[in-house]
Each structure stands twice: as structure tokens, then as C-alpha cells.
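Biologist: I have a new structure open and no idea where to start. Can you walk me through it?

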Amino acid sequence: MQLVVARIGRAHGIKGEVTVEVRTDEPELRLAPGAVLATDPAATGPLTIETGRVHSGRLLLRFAGVRDRSAAEALRNTLLIAEVDPDERPDEPDEYYDHQLMDLDVVTVDGTPIGRITEISHLPSQDLFIVERPDGDEVLIPFVEEIVVEIDLDAQRAVIDPPPGLVDDRAEVASSRDARSGEAPGGPDGDA
């Protein structure tokens, strides 16, 4: 199975190094010197990592055969793709690869079906499951321990304990509640 592990950014310096946007939790394994990576576009690769180092918080890589800034700049926006055994699991027991989570059935702790994971969005603050509901609508489920209480790969399901309003309309908006009761927001006298 092929997984995107990084995207090449701009050239760094004049000796062929490039910045990379890391898209793997295991850069020390996937982006190590000697690693041979497929590319998208395919005509750019395969690329063999010659050296890697961190500079000012960014990973810099140099590839075999890329010796100057022009050659490095020509690689900009290329995706780096690693071949991964589909049965391989991350080292940590509560970590998962995206391909393991795709198409899992999502159910609540009481067994109510919610839908199926169709995409995983990696945001700076947290990851989100994009879940397609049976009616075709989508719901976003934050992939955090408080909400996703169990991932069962053998049963192909993710069990969630959603707060009110996340997957249904149980949440009551204060302004609509106040309007029904005839009160101004903030209390009976309208002070907030």
C-alpha cells in the first residue's frame, strides 16, 4: 500500500536541499537517509533520500542526484510516497494509519449507527473523521479520546460518545430557548 509521507516545499540554500511538509507521524522511519520514495508526479521519481536534518524547526532533505538550487526547486510540490505493508501498525497502541480507519462504521456507545468514515482531515489542532451518514449528509467527528472511545479494527467500527448536538439536533441554542420563553438573552431583565 502506498502512503503520502511528505510534500516537497521550496529549495533551501544552493546545494540541493529542500524543505518538506511532513505528512507522517514517523518521519524518522519514512524519511530516513537511504529511503527510496515514489513520487507524484511519477516522472519526478523515484527519489532516494541522501541526507536529512532539521533547521529552524523544518525538515530539510537532499536527494541523490539533486546537487543545486535549480534541481531542488524543480521538485517543489512533489508528493513523496512510501510503500507500506497494509498489516503494519504504528508503534503506539492508540495510533492508527489513515488507511486503517477509512470505511470504518461509526456507532454510538449504545449501538446507534451514525455512518461510515469516508475521509480523515488533519488539522493543526486535531484530526477529524468525515463521516457519511446513511442519508448522504456528512458529519464531522473530532478524533479525540473524549469522543472516539474505541477503535475496533477487527469489527471494523469506531465507537463514539458524542456530546449533544454533534451528530443530532439535541443541543438547544440559548437564543431560541429564550425567544420561546419570552425572555431576553441573559435573563428575565435582559442584562447579560
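Modeller: We go from the whole chain to its core, its pocket and a few single residues.

Modeller: One caution comes ahead of the rest. This is a predicted model, where local features need pLDDT of at least 70, side-chain atom pairs count only at pLDDT 80 or more, and totals for chains, interfaces and linings use all residues. Residues are numbered from 1 along each chain as its sequence is written, and side-chain values use heavy atoms, with hydrogens and water left out.

Biologist: How many helices and strands are there in the protein chain?

Modeller: Four helices and 12 strands. Both are DSSP runs numbered from the N terminus: helices are H or I with at least four residues, strands are E with at least two.

Biologist: And what share of the residues is buried?

Modeller: Buried residues are 34% of the 192 in the protein chain. Buried means under 20% relative accessible area, exposed means over 50%, and partly exposed is in between (1.4 Å probe, protein chains only).

Biologist: What does the chain expose?

Modeller: About 11400 Å², with carbon and sulfur atoms supplying 49% of it. Areas come from the Shrake-Rupley method with a 1.4 Å probe; for residues, only the protein chains shown count as cover.

Biologist: What about contacts across the sequence?

Modeller: Take contacts between residues at least 6 apart in sequence: 45% of them join residues at least 24 apart. Contact means heavy atoms within 4.5 Å.

Biologist: Now the inside. Which residues have the most contacts in the largest nonpolar core?

Modeller: Ile8, Leu31, Leu61, Phe63 and Leu80, in a core of 21 residues. A nonpolar core is a set of buried Ala, Val, Leu, Ile, Met, Phe, Trp, Tyr and Cys residues joined through side-chain atoms within 4.5 Å.

Biologist: Which elements give two or more residues to this core?

Modeller: Strand 1 (2-12), strand 2 (17-22), strand 4 (47-55), strand 5 (58-63) and strand 6 (79-83). Strand 1 gives the largest share, five residues.

Biologist: What does Ile8 touch?

Modeller: Leaving out residues up to four places away in sequence, the partners of Ile8 include Val18, Val20, Leu47, Phe63, Leu75 and Leu80. Another core lies apart from the largest one; it has 17 residues, among them Ile117, Val139, Ile160 and Val167.

Biologist: Back to strand 1. Is Ala6 buried or exposed?

Modeller: Ala6, in strand 1, is buried, because its relative accessible area is 0%. Its contacts beyond four places in sequence include Val20, Val22, Leu31 and Leu80. Thr78 is another contact of Ala6. Those two are 72 residues apart along the chain, yet their C-alpha atoms are separated by 8.5 Å.

Biologist: And Val4?

Modeller: Val4 also lies in strand 1. Val4 counts as partly exposed because its relative accessibility is 33%. Beyond four places in sequence, Val4 is in contact with Arg23, Leu79, Leu80 and Ile81.

Biologist: Switching topic. How much space lies in the largest pocket?

Modeller: About 880 Å³. On a 1 Å grid over the protein atoms alone, a pocket is an open set of points where a 1.4 Å probe fits, with protein on both sides within 12 Å along at least five of seven lines; lining residues have an atom within 4 Å of a point. Points are joined across faces, edges and corners, and the volume is the space filled by probe spheres set on them.

Biologist: Which lining residues are closest to its centre?

Modeller: Asp25, Tyr96, Asp98, His122 and Asp127, out of 25 that line the pocket. Strand 11 (148-152) gives the most to the lining, with four residues.

Biologist: What classes are in that lining?

Modeller: 13 nonpolar, two polar and 10 charged. Ala, Val, Leu, Ile, Met, Phe, Trp, Tyr, Cys and Pro count as nonpolar, Asp, Glu, Lys and Arg as charged, and the others, Gly among them, as polar.

Biologist: Any odd backbone spots?

Modeller: The peptide bond from Asp40 to Pro41 is cis, with omega near 15°. The bond from Gly45 to Pro46 is cis too, with omega near 5°. Pro41 sits in the loop between strand 3 (36-40) and strand 4, and Pro46 is in the loop between strand 3 and strand 4.

Biologist: Where is Ser56 found?

Modeller: In the loop between strand 4 and strand 5. Its phi is near 55°, a positive value in a residue other than glycine. Ser56 is exposed, because its relative accessible area is 69%.
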